[in-house]
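Work through the exercises below with the coordinates open beside you, and try each task before reading its solution.

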Amino acid sequence: MLTRRGFLGWTAGALASGGSLLNAHVGQALEVPFAVVVSRKSPILQLSRRELTQLYLGLEVQAPGGERILALHQMPQSGERIGFERQVAGLLPGCSSERRLCDDAVAPPAVTSVRALQHMVHHRVRAVGYVRGDQVGPELRVIPIDGSLPGDHDYPLRAA
């Protein structure tokens with residue numbers, strides 16, 4: 001018989017692991033794709049896979065109007081950054097998805113937390129960042145990559 005204490009422990013464990021109660025019950029992880037985000041006021045409406053890769057290789061990509069886009073990274077050892085880098089590196093022809101995009105000397109600046117990334121992207125109209133889809137706040141806008149948004153079958157950035 002399941003006791004109240006046992007149920008609460010199971011529930012807390014399921015929620016702490018990032019899954020829903022249903023997913024924990026059936027043993028499946030909740031898949032939340034990455035979302036590339038900009039400020040709601042940003043002139044950046046979309047990026048191509050090539051532009052996204054160039055940004056995170058530390059190369060210059062221009063926003064509409066000719067200004068440079070500022071790419072922001074999550075912390076170097078975070079699971080989100082590692083997963084994002086592997087997936088973006090996998091967009092390069094002939095590149096292994098196990099390769100890091102670039103060393104930290106030329107990588108885009110890293111922020112200290114998801115909250116800091118959200119804040120910086122919100123206040124810099126030509127900044128681009130990435131978060132899990134469930135971390136997109138009301139001040140941010142998800143932009144399409146090659147016309148696809150998270151949840152589309154051809155969206156290039158899957159869950160970490």
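The exercises that follow treat the sheet, one buried serine, the salt bridges and the aromatic pairs.

The model is predicted, so that local features need pLDDT of at least 70 and side-chain atom pairs count only at pLDDT 80 or more, whereas totals for chains, interfaces and linings use all residues. Residues are numbered from 1 along each chain as its sequence is written, and side-chain values use heavy atoms, with hydrogens and water left out.

**Exercise 1. The sheet**

Task: Determine the order of the strands in the open sheet and state which strands form its edges.

Solution. Helices (H or I, at least four residues) and strands (E, at least two) are taken as DSSP runs, numbered from the N terminus, and two strands pair if DSSP finds at least two bridges between them.

Step 1. Begin with strand E1 (residues 34–39), which is joined to strand E3 (residues 127–132) by four bridges in the antiparallel sense; valine 36 has tyrosine 130 of E3 as its bridge partner.

Step 2. E1 also pairs with strand E4 (residues 140–142), again antiparallel, through three bridges, and here valine 38 is matched with arginine 141.

Step 3. Two bridges connect E2 and E3 in the parallel sense, with leucine 70 partnered by alanine 127 in E3.

Step 4. Putting these pairings together gives an open sheet of four strands in the order E2-E3-E1-E4, with mixed pairing. The edges are strand E2 (70–71) and E4, each of which pairs on one side only.

Step 5. Helix H5 (residues 114–123) packs on this sheet and touches E1, E3 and E4, its direction making about 145° with that of E3. Contact here means heavy atoms within 4.5 Å; the axes are lines fitted to C-alpha atoms, for helices over the stretch in contact, and angles run from 0 to 180 degrees between N-to-C directions.

**Exercise 2. Strand E1 and serine 39**

Task: Decide whether serine 39 is buried or exposed, and list its contacts beyond its neighbours within four places in sequence.

Solution. Buried means under 20% relative accessible area, exposed over 50%, and partly exposed in between (1.4 Å probe, protein chains only).

Step 1. Serine 39 belongs to strand E1, and six of the six residues of this strand are buried, so E1 is largely enclosed by the rest of the structure.

Step 2. Serine 39 itself has a relative accessible area of 0% and is therefore buried.

Step 3. When neighbours within four places in sequence are left aside, serine 39 is in contact with Val121, His122, Arg124, Val125, Glu139 and Arg141.

Step 4. A polar atom of the serine 39 side chain lies 3.2 Å from the backbone oxygen of histidine 122.

**Exercise 3. Salt bridges**

Task: Count the salt bridges in the whole structure, and place the pair of glutamate 67 and arginine 126 in the chain.

Solution. A salt bridge is a side-chain nitrogen of Lys or Arg within 4 Å of a carboxyl oxygen of Asp or Glu.

Step 1. The search of the whole structure gives five salt bridges.

Step 2. In the bridge between glutamate 67 and arginine 126 the closest N and O atoms are 3.2 Å apart. This pair links distant parts of the chain, since glutamate 67 is in the loop between helix H3 (49–56) and E2 and arginine 126 is in the loop between H5 and E3, 59 residues apart.

Step 3. Glutamate 67 is partly exposed at 33% relative accessibility, and arginine 126 is partly exposed at 28%.

Step 4. Glutamate 80 and arginine 132 also meet in a salt bridge, at 3.0 Å from N to O. Glutamate 80 lies in helix H4 (residues 79–89) and arginine 132 in strand E3, so the pair ties together parts that are 52 residues apart in sequence.

**Exercise 4. Aromatic pairs**

Task: Count the aromatic pairs, and find which residues form one aromatic cluster.

Solution. Rings of Phe, Tyr and Trp (its six-membered ring) pair if their centres lie within 6.5 Å; planes under 30 degrees apart count as stacked, over 60 as edge-to-face and the rest as tilted.

Step 1. The count comes to five aromatic pairs. Tyrosine 56 and phenylalanine 84 form an edge-to-face pair, with 4.9 Å centre to centre and 75° between the planes.

Step 2. Phenylalanine 84 and tyrosine 130 are stacked, with 3.7 Å centre to centre and 0° between the planes.

Step 3. One aromatic cluster is formed by Phe34, Tyr56, Phe84 and Tyr130.

Technical notes
Polar contact = N/O pair within 3.5 Å; in protein donor to acceptor, adjacent residues only side chain to side chain.
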